[in-house]
Each structure stands twice: as C-alpha cells, then as structure tokens.
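The following exercises concern a single protein model. Each task is followed by a solution that proceeds step by step.

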Amino acid sequence: MSDSSQLRYYRKNRDDINRKRDLYRQTPKGKAAMMWTNITARAENRNGTNPQYTYVKVLMTREEFIEWAVKELEKFSVLDNLSIDRKQNDGHYEISNLQLLSLDDNRRKQGKNYFAPSGYVWCSKCKDYLLENKFHKNSTSVSGFQSFCKECRHERRKIHSR
Ligand SMILES: [Zn+2]
C-alpha cells in the first residue's frame with residue numbers, strides 16, 4: 001500500500017468508528033452510557049470551571065443508573081434532545097432526584113423561578129423570593145417579571161449613573 005492509500009484506509013475506518021458510535025448513542029443503552037459519563041465528569045468537576053457542581057455527589061452506581069436510564073429512554077422514540085435533570089437543582093445525582101427533560105426545558109429550569117412559590121418571584125440580587133408586586137413585568141422572561149426586584153433595579157441605576 002502506498003502512503004496515501006494507507007491514509008485513506010485509516011480515514012475510512014475512523015469514519016466508520018465515529019458513525020457506529022453515533023448510532024450507538026441513539027440507542028437507549030448508548031445514550032445512557034453517554035449520560036453516565038457526563039454525570040461523573042460534572043460531579044467530579046474535572047476541569048474545575050463549574051463551582052456550582054463542587055458539592056454535587058453521585059449517590060448511585062453505574063449499574064443502577066444505566067438500568068433506570070435505559071427503562072426511561074425506552075419510552076421515547078427520539079433520544080437526541082433528552083437530557084438528565086436533577087429535580088431539585090441543589091440535590092445530588094441519585095435515582096430519586098433524576099428525570100429526563102428535553103434540553104430546552106432543562107435550560108429553562110436553571111432559572112430559580114421554576115421553583116418559585118405561587119405569587120413570588122426570585123430576585124437575583126436579594127437572593128430571595130419576594131412578592132410579585134415588588135417586580136416590574138417583563139413579558140419575555142420565564143417568570144413574566146424582571147430578574148431584579150424594583151428596589152435592586154433602583155440601586156443598580158443609581159450606581160450606573162454615577
Ligand atoms: Zn432585590
């Protein structure tokens with residue numbers, strides 16, 4: 001074999017391997033395995049860039065997770081858009097705290113207002129739930145209100161105009 005045909009051979013094999021891996025990830029078993037890899041990477045915070053994950057623990061074995069996830073994933077025909085979600089965002093990775101969510105819903109859920117008691121809104125500055133009437137409305141946000149309460153907004157404007 002000449003150098004270039006050898007190269008072609010390896011390139012073709014690599015594509016085959018990638019294609020097989022992609023196909024495997026579209027099966028419940030393959031998707032579950034990938035999810036497990038992501039969970040452990042996150043919980044171990046390997047690259048140290050995610051301070052919010054510092055205290056998150058994995059309280060289940062790989063086998064327990066795979067068994068649960070495969071059963072859940074089998075309920076769906078398309079797996080691409082599904083992600084693992086912790087029902088309580090500040091809880092650990094354990095079966096009782098897990099559910100499958102579409103990536104969009106998962107992203108939306110990162111907002112504190114997902115858990116806001118009715119009539120209350122989370123102020124990102126006060127770090128507390130305050131009554132709705134303490135906020136200006138914002139129709140483009142998930143909660144329907146601005147993320148800072150009126151008082152915090154007022155503070156901010158004063159600082160910015162100095
Ligand atoms: Zn506030």
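**Exercise 1: Confidence and overall layout**

In the protein, mean confidence is lowest in helix α4 (residues 103-109), at 74, and highest in α3, at 97. This is a predicted model, in which local features need pLDDT of at least 70 and side-chain atom pairs count only at pLDDT 80 or more, while totals for chains, interfaces and linings use all residues. Residues are numbered from 1 along each chain as its sequence is written.

Task. State the average pLDDT of the protein and the order of its elements from the N terminus on.

Solution.
- Step 1. pLDDT is the predictor's confidence in each residue, from 0 to 100. The protein averages 83, and 84% of the residues score at least 70.
- Step 2. Helices (H or I, at least four residues) and strands (E, at least two) are DSSP runs, numbered from the N terminus. The protein has five helices and four strands, in the order α-α-α-β-β-α-β-β-α.
- Step 3. A residue is buried if 20 or more other C-beta atoms lie within 10 Å of its own, exposed if 12 or fewer, and partly exposed in between, with C-beta atoms placed from the backbone. Of the 162 residues, 10% count as buried.
- Step 4. Two residues are in contact if their C-beta atoms, placed from the backbone, lie within 7 Å. Among contacts between residues at least 6 apart in sequence, 38% join residues at least 24 apart.

**Exercise 2: Two helices**

Task. Determine the span of α1, and establish which residues of α2 are buried.

Solution.
- Step 1. The expected span of a helix is 1.5 Å times one less than its number of residues. Helix α1 (residues 3-25) has 23 residues and reaches 33 Å from its first C-alpha to its last, close to the 33 Å expected.
- Step 2. Helix α1 is hardly covered, as the count of buried residues among its 23 residues is zero.
- Step 3. Helix α2 (residues 28-44) has 17 residues and reaches 24 Å between its first and last C-alpha, close to the expected 24 Å. Its buried residues are Lys31, Ala32, Met35, Trp36 and Ile39.
- Step 4. Seen down the axis of α2, these buried residues fall within an arc of 145° (taken from the directions from the helix axis to the C-beta atoms), so they line one face of the helix. An α-helix has 3.6 residues a turn, so residues three or four places apart point the same way.
- Step 5. On the other side of α2, Thr37, Asn38 and Glu44 are exposed. The cover over its buried residues includes α1, α3 (62-73) and β1 (82-86).

**Exercise 3: A residue of α3**

Task. Is Ala69 buried or exposed, and which residues does Ala69 touch?

Solution.
- Step 1. Ala69 is found in helix α3. This residue is buried because 24 other C-beta atoms lie within 10 Å.
- Step 2. Not counting residues up to four places away in sequence, Ala69 touches Ala32 and Met35.
- Step 3. Ala69 and Ala33 are 36 residues apart in sequence, and their C-alpha atoms are 9.0 Å apart in space.

**Exercise 4: The hairpin and the following loop**

Task. Describe how β3 pairs with β4, and classify Ser143 and Asn138 by exposure.

Solution.
- Step 1. Two strands pair if DSSP finds at least two bridges between them. Four bridges join β3 (residues 120-123) to β4, and the strands run antiparallel.
- Step 2. The bridge partner of Tyr120 in β4 is Leu131. The hairpin has four residues between the strands, and Lys127 takes a positive phi near 55°.
- Step 3. Ser143 lies in the loop between β4 (128-131) and α5 (150-161). Ser143 is partly exposed, with 18 other C-beta atoms within 10 Å. The C-alpha atoms of Ser143 and Tyr120 are separated by 9.5 Å.
- Step 4. Asn138 also has its place in the loop between β4 and α5. Asn138 is exposed, with 12 other C-beta atoms within 10 Å. Leaving aside neighbours within four places in sequence, Asn138 is in contact with Gly144, Phe145 and Gln146.
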